[in-house]
Each structure stands twice: as structure tokens, then as C-alpha cells.
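Colleague: I'm new to this one and would rather get to know a single part well than skim everything. Could you pick the part you'd look at first and walk me through it slowly, then show me how it fits with the rest?

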Amino acid sequence: MFQREDWTAFRQLETLGQRAGVGRDEIPDVVAKELVDNALDAAGACEVRLDGGELVVMDDGPGIDPATLGGIFAVNRPQRSTKVLRRPSRGALGNGLRVVTGAVLATGGTLRVSTRGRAFDIRPRDSDGGSDVVELGPSEHQGTRVQVRLGGDIAFDADALVWPQVACDLASEGDTYAGRTSAWWYDSDAFFELCQSAGDTTARELISLFEGCSGNPDEATAMGLQVEPIERKGDRTVPVADYVSDEWSEWLQTHRVELNAMTTPQFLEWLDAKMAPYDAGKVIPPTELLGAELADQARRASREQVVERILREADADRRASEAFESLRPRLAGVDVAAHVRAELEREPSERWTEPVERLAKEIAADNR
Ligand SMILES: Nc1ncnc2c1ncn2[C@@H]1O[C@H](COP(=O)(O)OP(=O)(O)OP(=O)(O)O)[C@@H](O)[C@H]1O
Ligand SMILES: [Mg+2]
């Protein structure tokens, strides 16, 4: 039975594209965008340019601890981000540098990182998905500078700078949202990951990090909401979010107001008022970007049509259902419950669907 580790998908262009959610031709664009996103996350502004065929992305942020470079610029890095607490202004998956490093590995390109005054060559390894880091010497740059050259028949061109340029331009405009994270920005996997990484944080503390989930008592009393007295057992104190004043922190030890003290119309009005300051209307990007998006969509649409036609001509549906029918005896023979139990015992952070998916792939692959 063949097993394939997840990171191996990052070392070939075709599968790397699947991971990055784009076609092969757009990989340089994604590499540039991921690096610029990180620079903007770290510093709020950045410089991006093409130097010969080399992409250079520079920021004046805090830099990256050199000791961690080999771990984060590596395709086998667990997909985990330092940014589990989501903000609208930055990334969150921990996938960006895997894609960047994967593109370098897949094309035989080069990757240099200068940070905190030191320059390094990063050489991703095909064998185990790790990376060797070779120090090149001092660098005048204190923030982070990443230089990438792709190899083979794939290269950066001016198109690759369109998205990054727009991101840089947008980053320099308007106000940066300074509120707390919002529950709307998480799907269940992301929320699960946040809870997993929360360590000793209590549920109450965690909730207090979310916008609109634990309001200021000021607001509640001004709205005339029903206040409930509460008694605490022993001398336990209630932790209170740090934006609450001392006076209200004291008050919260013996009182509370539940969100459900609001009527539904009151609740909707309150939510709308909370969202209003951030509502800048629908975002419509500049003409250049709209044109690029149209070309992009047209490319995808024509690819889909070609793929569809080829699949039809090859009678793919019939062949797929025959292949599936031939798996039935094997499927009937597995104890899927026992398999899932054993796998989750080995890797408790997984969802039950993951071992099922792996098993299905193995069975299908065996059949080939
Ligand atoms: N220019 C930079 N300055 C400082 N730290 C950086 C920089 N680039 C990357 N990092 C660090 O490396 C980590 C990994 O970056 P990566 O792009 O892989 O994931 P991410 O930005 O957390 O999530 P996403 O999948 O949305 O890109 C970041 O979380 C950040 O801690
Ligand atoms: Mg990123």
C-alpha cells in the first residue's frame, strides 16, 4: 500500500498549484502575493520589485528569528500559523511560505532571506521536505528581505506584480481596523485550531478576545437591559477583558447582563450599529485589476471547457463509476469504525473525516 505525506504535494508544480488553489501558470503570482502579504502583516508597508528575473520583497518589520528560518521556509512545516487569532489585515493559515518554498523546490530556483542584519541562502530538500540554511554573511537590512528566483520554464513577469502592487497600495490607504477579532472570520476548522492553541486560556477569556461577544457594561446599562445580580462562590473573581474600566470590572463581580436580554429587533439594531463604522460599501478594485481578473476567469473557463470535453470524449463518468463498482467488495470488507478509532488515537487533533479520506484514497489507489 502506498502512502504519501501531505508535504510531497508541495514539491511538484501540478500538485503545488492544487495546494495554492491556482493553475500552474499563476504560481509566480501566488509566490509574490504570499511574500507581500507577510511583509504587510509584519510591517504594514513593503517594497516589491523585479530585479532581472528575481523577485525582491522587503519590509521594515521586526524581522524573523534566524534560528527559525529552516523551520518556516520549508514545505514539510506543519500548516500552523502564528496568526491563529484572525484579523482582517493579515494571513492565517500558515500556508504562504510552504507555497513559496515549494515553488523554489519544484522549479529548482533559489531563495535568499536577509533578516536582522544577516543574509541566508535557503535550500529546500527534495528528500524529506526540510530546508538547509546557509549563512552568507552580514546584510545591511534589518527588517526582512526575501529574494526568489524560479527555475525551469516558469518565471516572474510584470503580471506577478499586479496583485502585490494593489495590496501595497491598499495597505497605505484608510484606517487599519484596530478592533478585536470577529467570530464571523472563522470556519469551524479555524475555530477548532484556535481553541487547540489556546493553552490555559479559559473559555471566558477567549470569548473576551472577540468583538461584540462580551460588550462593555456601559452600553448594556445605557440600553436599559435587564441587570441580573449574581453571587459568587468563595472568593473567586471574574476575569474581565482589559478594555473594561476598573469601576465596571468591580461591578461585573456581582452583576451581569446577558445578550439575550435584548429583543430580536434590538439585537439586530445593535449588531448593525457595531458593523456600521467598518462598512465602506462594496469594494471594487482598480480597472487594471478588474481586467486581470477577467482574463484570469476567461482562462479558467476555457480550461474547464477543454477538460470537460476531454473527459466526455474519454467517457470518464462511465469509467469512474465502473472503477468505483469494482471497489465495493473491498469497501464492504473494511472495519471503518475500528480504523477511525485507531487513527484518532494516534493523531487526536484530526477530525474523523481525515482518516476516512486517507483510507478511501488508499483503497482507490490499490485498485489502479
Ligand atoms: N516578512 C516577515 N516578517 C516577520 N515575520 C514573518 C515574515 N514573513 C513570514 N513571517 C513569519 O512566518 C510565519 C509563516 O508565514 P506564512 O506565510 O507561511 O503563514 P501565515 O502568514 O501565518 O498564514 P497564511 O497562510 O495566511 O500566509 C508567519 O506567521 C510569521 O510569523
Ligand atoms: Mg502569509
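Modeller: Start with Ser114, whose bridge partner in β4 is Ala119. Keep in mind that this is a predicted model. That pair belongs to the link between β3 and β4, two antiparallel strands joined by 4 bridges. Together β3 and β4 make a hairpin, with 2 residues between the strands. Look at Arg116 in that turn: its phi is positive, at about 50°.

Now follow the chain onward. β4 also pairs with β5, again in the antiparallel sense, this time over 7 bridges. A handy pair to click on here is Arg123, which has Asp132 as its bridge partner in β5. β4 and β5 form a hairpin too, with 6 residues between them. In this turn, Gly129 has the positive phi, about 80°.

So where do these hairpins sit? They're part of an open sheet of 6 strands, with antiparallel pairing and the order β1-β2-β6-β3-β4-β5. The edges are taken by β1 (47-51) and β5 (131-138), and each of these has just a single partner strand, so one side of each has no neighbour in the sheet. On average, neighbouring strands here are turned by 20° against each other, direction ignored.

Jump over to the β1 edge for a moment. β1 runs antiparallel to β2 (residues 54-59), and 5 bridges join the two. One pair to look for is Asp51 with its bridge partner in β2, Glu54.

Next, what packs around all this? The largest nonpolar core has 37 residues, and Val31, Ala32 and Ala103 have the most contacts inside it. Several of our strands feed into this core: β2, β3 (110-115), β4 (118-124) and β6 (144-149) each give two or more residues, and so do the helices α1 (13-20), α2 (27-43) and α4 (96-107). α2 gives the most, with 8 residues.

Ala32 is a good spot to zoom in on. Leaving out residues up to four places away in sequence, Ala32 touches Val48, Leu55, Phe156, Ala160, Leu161, Trp163 and Pro164.

One of the helices deserves a closer look as well. In α1, the buried residues are Leu16, Gly17 and Ala20. Looking down the axis of α1, you'd see those buried residues fall within an arc of 105°, so they line one face of the helix. Among the things covering them are α2 and α4. Right after α1 comes Gly21, with a positive phi near 75°.

Finally, zoom out. The protein has 14 helices and 8 strands, and its C-alpha trace spans about 70 × 65 × 45 Å along the principal axes. Of its 368 residues, 19% count as buried. If you take contacts between residues at least 6 apart in sequence, 66% of them join residues at least 24 apart. The protein is divided into four pieces: domain 1 (6-175), domain 2 (179-214), domain 3 (216-283) and domain 4 (315-366). To get a feel for the layout, note that the C-alpha centres of domain 2 and domain 4 lie 33 Å apart.

Conventions:
Residues numbered from 1 in each chain as written. Chains lettered and ligands numbered in written order. Predicted model: local features only at pLDDT ≥ 70, side-chain atom pairs only at ≥ 80, totals over all residues. Buried ≥ 20, exposed ≤ 12 C-beta atoms within 10 Å, placed from the backbone. Contact = placed C-beta atoms within 7 Å. Pairing = 2+ DSSP bridges. Axes fitted to C-alpha atoms, helices over the stretch in contact; angles between N-to-C directions. Core = buried A, V, L, I, M, F, W, Y, C linked by C-beta atoms within 7 Å. Domains from an automatic or database assignment. Arc of directions from axis to C-beta.
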